[in-house]
Amino acid sequence: MDRNTMFDLGGQVAFVTGAAKGLGLAMAEIVAQSGARVVMTDIDPDALTASVERLAGQGLDVRGEIVDVADTDRLARAINDAARRLGRLDVVFANAGISAGPGPLTDAGSLAQVDLDRWNRLLQINLTSVFVTIRTAAAQMIKQRSGRLIVTASVAGLRGERMCGYAYAATKAAVSNLVRQSSIELSPHNVTINAIAPGPFLTDIGQGRLHDPEVAAGFTRDVPMGRLGQPDEIKGLALLLASPASSYITGAVIPVDGGASAS
Ligand SMILES: NC(=O)c1ccc[n+]([C@@H]2O[C@H](COP(=O)([O-])OP(=O)(O)OC[C@H]3O[C@@H](n4cnc5c(N)ncnc54)[C@H](O)[C@@H]3O)[C@@H](O)[C@H]2O)c1
C-alpha cells in the first residue's frame with residue numbers, strides 16, 4: 001500500500017445515515033472527495049436536498065434519499081437497494097442519532113423526570129437502528145468479503161457526561177460495545193467495524209443547543225483543548241476508518257474529543 005492507494009475509495013460505494021447536516025455530512029463529503037459514490041440518507045428533505053446539491057456542485061458522485069432510521073424495515077430496504085442499484089456496498093456510516101435532552105443535574109434530565117416515551121425513541125434511533133444498519137450492511141459485505149462499517153458513538157458513552165441525558169449516555173455506551181461484539185463475527189470475513197466517539201462538536205444536535213454559549217461552555221469544561229470540535233475535524237478519522245489504510249483496525253472505539261476522554 002502506498003500513500004496514494006491508502007486513502008483511495010475510487011470505485012467504492014458508501015451509504016451514510018443522518019447525512020444532511022453535521023458530522024454525517026462531513027463523513028459523506030470526505031468519502032465522496034476520496035472517490036466513493038455516496039448514498040446520503042436523512043429524515044430532513046430540505047437540508048438533504050441542499051447538501052446533496054452542494055456536494056454534486058463540487059463534481060462529487062452523491063445522491064440523496066429520505067430514510068427515517070426509526071423505520072427499520074425502510075432502513076434495511078434502503079441499504080439493500082443501494083447495494084443492488086450501485087452494484088456493491090463498501091463503506092457504511094451508521095451515524096444518525098438524536099439528543100436525549102439535558103443532563104442529570106437538571107430537573108428535566110433527572111432520574112425522576114426522564115420520560116419513558118422519549119427513552120424508547122432514543123433506544124430505537126440511537127441503538128436499534130444502528131444494529132439493523134450493521135446487520136443489513138454486514139450481510140452484503142460478507143458476500144463481497146470486504147467492507148468498512150463505522151458507527152458514530154460518543155465520549156458520553158465512554159464515561160459519565162453531566163451535559164447529556166440518560167438515554168443518550170446509555171445508547172452510546174451500548175453502540176460502542178455492539179461494535180466490539182460484532183467485530184468478533186465480522187473479522188474472519190474481512191469486514192471491519194469501528195466506532196468514532198466524538199466529544200462535543202458544533203452541530204445542530206439537540207435543537208441547536210450547542211450554539212448557546214452557556215451550553216457550549218458546559219460541554220467544553222472537561223475538554224482540555226477548551227473548545228468545541230468543528231464538523232470538518234471528524235473527517236480525518238472518518239476517512240481512515242473507511243479506507244484501505246485501516247485494514248488491521250477493527251472493534252475499536254476511537255475518540256475525537258480534544259482530549260476529553262483522557263482527562
Ligand atoms: N455534535 C456532537 O457534539 C456529538 C457528539 C457525540 C456524538 N454525536 C453523534 O453524532 C451523530 C450526528 O449528530 P450531529 O451532531 O451531526 O447532529 P445533527 O443534528 O447536526 O445531524 C444529525 C442528522 O441526522 C438526521 N436525523 C435525525 N433523526 C433522524 C432519523 N430518525 N433518521 C434519519 N436521519 C435522522 C438529522 O436530520 C440531521 O441531518 C449522532 O449520532 C450524534 O449522537 C454528536
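## Close-up views of a predicted model

**View A. His211 sits in the loop that runs between helices α7 (205–208) and α8 (213–220).** Welcome to this model, which is predicted. His211 has a relative accessibility of 45%, so it counts as partly exposed; the range for that class lies between 20% and 50%. To find a second landmark from here, look for Leu228, which is 17 residues away from His211 along the chain. The C-alpha atoms of His211 and Leu228 are separated by 10 Å.

**View B. Gln207 belongs to helix α7.** Its backbone deserves a look: phi of Gln207 is near 55°, a positive value, and the residue is not a glycine. Most residues other than glycine have a negative phi. Is Gln207 buried or exposed? With a relative accessible area of 78%, Gln207 is exposed, because the cut-off for that word is over 50%.

**View C. Arg145 lies in the loop between α5 and β5 (147–152).** Here is another residue with a positive phi that is not a glycine: the value for Arg145 is about 60°. Arg145 has a relative accessible area of 46% and is therefore partly exposed.

**View D. The ligand is surrounded by 29 residues.** Which residues come nearest to the ligand? They are Asp42, Asn95, Tyr168, Phe201 and Thr203. Sorted by class, the shell around the ligand holds 15 nonpolar residues, 8 polar ones and 6 charged ones. The ligand takes up the space of the largest pocket. Two elements, α2 (22–33) and α6 (166–186), are the ones that give two or more residues to this shell.

**View E. Oxygen atoms of the ligand meet polar atoms of Tyr168, Phe201 and Ile205.** For Tyr168, a side-chain N or O atom is 2.6 Å from an oxygen atom of the ligand. Phe201 takes part through its backbone, where a polar atom is 2.8 Å from a ligand oxygen. Ile205 also uses a backbone N or O atom, and this atom lies 3.4 Å from an oxygen atom of the ligand. On its own the ligand would expose 820 Å², and the protein buries 93% of that area.

**View F. Asp90 is placed in the loop between α4 (72–86) and β4 (91–94).** What is the partner of the Asp90 side chain in a polar contact? It is the side chain of Arg88, at 2.7 Å. Asp90 counts as buried because its relative accessibility is 5%, and the cut-off is under 20%.

**View G. Ile134 is part of helix α5 (residues 116–144).** Ile134 has a relative accessibility of 6%, so it counts as buried. From Ile134 you can trace the chain to Ile196, 62 residues apart in sequence. The C-alpha atoms of Ile134 and Ile196 are separated by 15 Å.

**View H. Asp2 stands in the segment before α1 (3–6).** The side chain of Asp2 reaches the backbone nitrogen of Asn4 at 3.0 Å. How far apart are Asp2 and Ala245 in sequence and in space? They are 243 residues apart in sequence, while their C-alpha atoms are 9.3 Å apart. At 42% relative accessibility, Asp2 is classed as partly exposed.

Note on methods: Residues numbered from 1 in each chain as written. Predicted model: local features only at pLDDT ≥ 70, side-chain atom pairs only at ≥ 80, totals over all residues. Heavy atoms only, no water. Near = heavy atom within 4 Å. Polar contact = N/O pair within 3.5 Å; in protein donor to acceptor, adjacent residues only side chain to side chain. Areas by Shrake-Rupley, 256 points an atom, 1.4 Å probe, with all protein chains shown as cover. 1 Å grid on protein atoms, 1.4 Å probe; cavity = no way out; pocket = protein on both sides within 12 Å on 5 of 7 lines; lining within 4 Å. Sits in = over half its atoms within 2 Å of the grid points. Helix = DSSP H or I, 4+ residues; strand = E, 2+ residues; numbered from the N terminus. Nonpolar A, V, L, I, M, F, W, Y, C, P; charged D, E, K, R; others polar. Buried < 20%, exposed > 50% of the residue type's maximum accessible area, 1.4 Å probe, protein only.
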